[in-house]
Amino acid sequence: MGARTGIATLLAASIALSLTGCFGMPSPSDIANQAEDFASQAQELADTFSNVDWGKACRLVVRDAQTGEVIREVTDQREIENAFEPFSGEGGIATEPDEPAEYVFELWEPETQKLGQSADDLKEYKGLEVTTYEESPVVGVEVSPIGLKLYLTSQAAADALRALAI
C-alpha cells in the first residue's frame, strides 16, 4: 500500500506542477497539500475495494448512463464479486475520459443493524457507483456515502462490468 500512496503522490504532484503555467504559480506547500489529498483519496479507494465484503451486497443495479433506464439487476453474490474482482490491486489513476458515459453500476448494501433496531427496519444504501465510458478502459468510481470519486484505468475491470450489462 505504501508504494501505491507514493506513486499517487508523485502523480498528483506532477499533474499539479504541469498546470502551474495555466493557473499561476502555486506555492510548494499548496502543491504538496494537493498531492497529499489526492494520494489520500487514492489510498482510501484502494482500501475500500480491499475491505468490501461482497457477501453483504444486496444487489447491483445496472443502468444505461444516458437514459437512466435499469438494464439489469444482479443479486447473485458470486456474479457481483466476479465483476469487481479486477479492481483488486488496481493502481492506474486516470482523469475523467472524454468519451460519453456508457453504463452506471450501483452497488446496494444493507445498512448496519443498530442496537435495538429490528432487522425488518433495515434499509439499503448505495455504497458504490461505478461508471464505464464508451470504448474506454477508464472507469469512474464513487464511494457514495463519502462522496469520494476517482477514475481508474483498467480494461479488465471495464470489460467485466460491461459483461453484466449484456
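Is glutamate 134 buried, partly exposed or exposed? With a relative accessible area of 37%, glutamate 134 counts as partly exposed. Bear in mind from the start that this is a predicted model. Glutamate 134 makes a handy way in, but let's step back and look at the whole chain before returning to it.

## The chain as a whole

There are five helices and seven strands here. Walk along the sequence and they come in the order α-α-α-β-β-α-β-β-β-β-β-α. The chain has 166 residues, and 36% of them count as buried. Its accessible surface is about 9,200 Å², with 52% of that belonging to carbon and sulfur atoms.

How much of the contact count comes from residues 24 or more positions apart? Taking the contacts in the chain with a separation of 6 or more, such residues account for 58%.

## Salt bridges

The structure holds eight salt bridges. Here are three of them, with the gap between nitrogen and oxygen:

| Acidic residue | Basic residue | N to O distance |
|---|---|---|
| Glutamate 106 | Arginine 63 | 3.0 Å |
| Glutamate 79 | Arginine 72 | 2.8 Å |
| Glutamate 102 | Arginine 162 | 2.6 Å |

Start with the salt bridge between glutamate 106 and arginine 63. Glutamate 106 sits in strand 4 (residues 101-110) and arginine 63 in strand 1 (residues 59-64), so this pair ties together parts that are 43 residues apart in sequence. Which of the two partners is buried, and which is partly exposed? Glutamate 106 is buried, since its relative accessible area is 8% and buried means under 20%. Arginine 63, on the other hand, is partly exposed at 26%.

Next comes the salt bridge between arginine 162 and glutamate 102. Arginine 162 belongs to helix 5 (residues 155-165) and glutamate 102 to strand 4, so here the parts being tied together are 60 residues apart in sequence. Both arginine 162 and glutamate 102 are buried.

As for glutamate 79 and arginine 72, their side chains meet in a salt bridge too. Glutamate 79 is partly exposed, with a relative accessibility of 26%. Arginine 72 is partly exposed as well, with a relative accessible area of 26%.

Salt bridges can also link up into a network, and Arg59, Glu73 and Glu124 do just that.

## Glutamate 124 and glutamate 111

One member of that network, glutamate 124, lies in strand 5. Glutamate 124 is partly exposed, with a relative accessible area of 36%. What does glutamate 124 touch, once neighbours within four places in sequence are left aside? Its contacts are Cys58, Arg59, Trp108, Glu109 and Pro110. Tryptophan 108 is 16 residues from glutamate 124 along the chain, with 6.1 Å between the two C-alpha atoms.

Glutamate 111 is in the loop between strand 4 and strand 5. Its C-alpha atom is 6.5 Å from that of tyrosine 125, a residue 14 places away along the chain. Apart from neighbours within four places in sequence, glutamate 111 is in contact with Gln117, Asp121, Leu122, Lys123 and Tyr125.

## A loop with a bit of charge

Now back to glutamate 134. You'll find it in the loop between strand 5 (124-133) and strand 6 (138-143). Glutamate 135 has its place in the loop between strand 5 and strand 6 too. How open is glutamate 135? At 80% relative accessibility, glutamate 135 counts as exposed. Its backbone is worth a look as well: phi is near 55°, a positive value in a residue other than glycine.

Glu134 and Glu135 also help form a negative surface patch, together with Glu96, Asp98 and Glu99.

## Proline 86, meeting the end of the chain's sequence order

One last stop is proline 86, found in the loop between helix 4 (77-84) and strand 3 (93-94). Proline 86 is partly exposed, with a relative accessible area of 23%. Which residues does proline 86 touch, not counting those up to four places away in sequence? They are Ser154, Ala156, Ala157 and Ala160. Serine 154 is 68 residues from proline 86 along the chain, yet their C-alpha atoms are separated by 7.8 Å.

Conventions:
Residues are numbered from 1 along each chain as its sequence is written. This is a predicted model: local features need pLDDT of at least 70, side-chain atom pairs count only at pLDDT 80 or more; totals for chains, interfaces and linings use all residues. Side-chain values use heavy atoms; hydrogens and water are left out. Patches are made of residues with over 30% relative accessible area and no salt bridge: like charges are joined within 9 Å, nonpolar side chains (Val, Leu, Ile, Met, Phe, Trp, Tyr) within 5 Å. Accessible areas come from the Shrake-Rupley method with a 1.4 Å probe; for residues, only the protein chains shown count as cover. A salt bridge is a side-chain nitrogen of Lys or Arg within 4 Å of a carboxyl oxygen of Asp or Glu. Lys and Arg count as positive and Asp and Glu as negative; His and the chain ends are not counted. The place of a charge is taken as NZ of Lys, CZ of Arg, CG of Asp or CD of Glu. Helices (H or I, at least four residues) and strands (E, at least two) are DSSP runs, numbered from the N terminus. Buried means under 20% relative accessible area, exposed over 50%, partly exposed in between (1.4 Å probe, protein chains only). Contact means heavy atoms within 4.5 Å.
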